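Student: I should like to learn how the packing of helices and the lining of a pocket are read from a model. May we begin with the helices?

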Amino acid sequence: MTDHTSTRMPNRRLLIAILLGVIPLSQFPIDVYTPAIPDMIREFGTSATLVQNSVSAYVLGMAIGLLPVGIIADARGRKPTLLICLALLVVASLSIAATTDIWVLLVLRFVQGVGGCACMVVVYAIAADTSRGKQLTSLSGWLGASWGLAPVIAPAIGGLLVQFVSWRGIFVLIAVLAAIAGVVVWRWLPETLTAAAAVPVRPGVIARVLASTLRHKLFIGLTLVFAVFASAQLLFGVVAPLLYEVELGLSPATYGLIALLIGAANLGGELATGSLATRVSSRLLGFSALASFTVGAVILTASGLLVGPDAVFLTIGGMFVMLGCGALCPMAYGLALGLFDRNLGLIGGLTSAVCYLFVAVTMASAATLPDDSQAPIGLVYLGCAVVGGIVLALCLPRRARTPAVVV
């Protein structure tokens, strides 16, 4: 077991800077290649459904990897776990860039997801090691904002690469960024898991912690909020390229620039959580974000049914949806993780695993949605708004939350 007796607390500004730089690597491999989906369909000579399922394969790898990675991070330390997973991300990305077989690509995307999951679960565990209460919720918002940079800039970068280089260059870029992150983590990130907080890998103990956590109704509700709106956020990135590029005839680079605008709205929501979490109630923040999401869902549904494919309505509706998702996801994650004092890697892994299993099913189902207008995705979003509103009403406290639970 890693020796945690020499654990030292890091300079907070340096710590936050490193976390903000690492966390987008969990999301970047999802969004950066979406403008290339039509080109990949042509090059592999396969169906749109199969290529779209490469998103599901990555998300499934994340979902399955999150829990064991969280357990290992609680036992062996945050830093070594993160370094190993970054190395896996590098190897898988370079292998994808070289493959000529769609089925090999799907397997490698799964492996890539296992590597990328640490950039989320370990980063949030480090945040919970060093922050509590409203400070943790606020830090979760800033981390969510950095995570949200992926859907902001990744499609624009991917659109340029696929138009002027190749979709394979996109995965080389992922490998390079992961390698740079690995060097930074190895050189400057101290270990934040203390000897007292380290938890040996004992199946019986893990089972008891999971059982106790899953009986916590507030945790389940917040995790469901996170899962619903993270799925809604990622769903747009899978459906939008086909609407913009195939139905509307826009180039990958043009779609990338539009995605930059839509992603900026998502980033705005995450920045709102980061800056407002310590100043307003979570209930006000949550329902304000839900209102924005609902407005976007209505715009997408109504315009799809009445007008058909339209770049203006698709973009405006997408921006309102992403603004709501951007605020709700980090808020729910931070509140869920803040309910506990120990086993933060395990509990963070459980939260993320439930979420990404939900996302994987959603992405697989999305491949069957009609892609000739924005109405189908708008109707899905209206359903998300109803479910989200009910759960938020039950979960978000009118008074101060109960103290953290030790499990």
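**Reading a helix pair and a pocket**

Tutor: α3 and α4 are oblique to each other, because their angle falls outside the ranges for roughly parallel (under 35 degrees), roughly antiparallel (over 145) and roughly perpendicular (65 to 115). This is a predicted model, in which local features need pLDDT of at least 70 and side-chain atom pairs 80 or more, while totals for chains, interfaces and linings use all residues. Residues are numbered from 1 along each chain, and side-chain values use heavy atoms, without hydrogens and water.

Student: At what angle do helix α3 and helix α4 pack?

Tutor: Two packed helices are described by the angle and the distance between their axes. Here α3 (residues 37-44) and α4 (residues 48-76) pack at about 125°, with axes 9 Å apart.

Student: Which residues make the contact?

Tutor: With contact meaning heavy atoms within 4.5 Å, I37, M40 and I41 of α3 meet A48, V51 and Q52 of α4. These divide into 5 nonpolar, 1 polar and no charged residues.

Student: How is empty space found, and what is the volume of the second largest pocket?

Tutor: Rolling a probe the size of a water molecule over the atoms shows where empty space is left. The second largest pocket has a volume of about 190 Å³. Of its 13 lining residues (those with an atom within 4 Å of a pocket point), S231, F358, T362, V380 and C384 are the closest to the centre.

Student: Which helix gives the most to this lining?

Tutor: α15 does, with 5 residues. By class, the lining has 9 nonpolar, 4 polar and no charged residues.

Conventions. 1 Å grid on protein atoms, 1.4 Å probe; cavity = no way out; pocket = protein on both sides within 12 Å on 5 of 7 lines; lining within 4 Å. Points joined across faces, edges and corners; volume = space filled by probe spheres on them. Helix = DSSP H or I, 4+ residues; strand = E, 2+ residues; numbered from the N terminus. Nonpolar A, V, L, I, M, F, W, Y, C, P; charged D, E, K, R; others polar. Axes fitted to C-alpha atoms, helices over the stretch in contact; angles between N-to-C directions.
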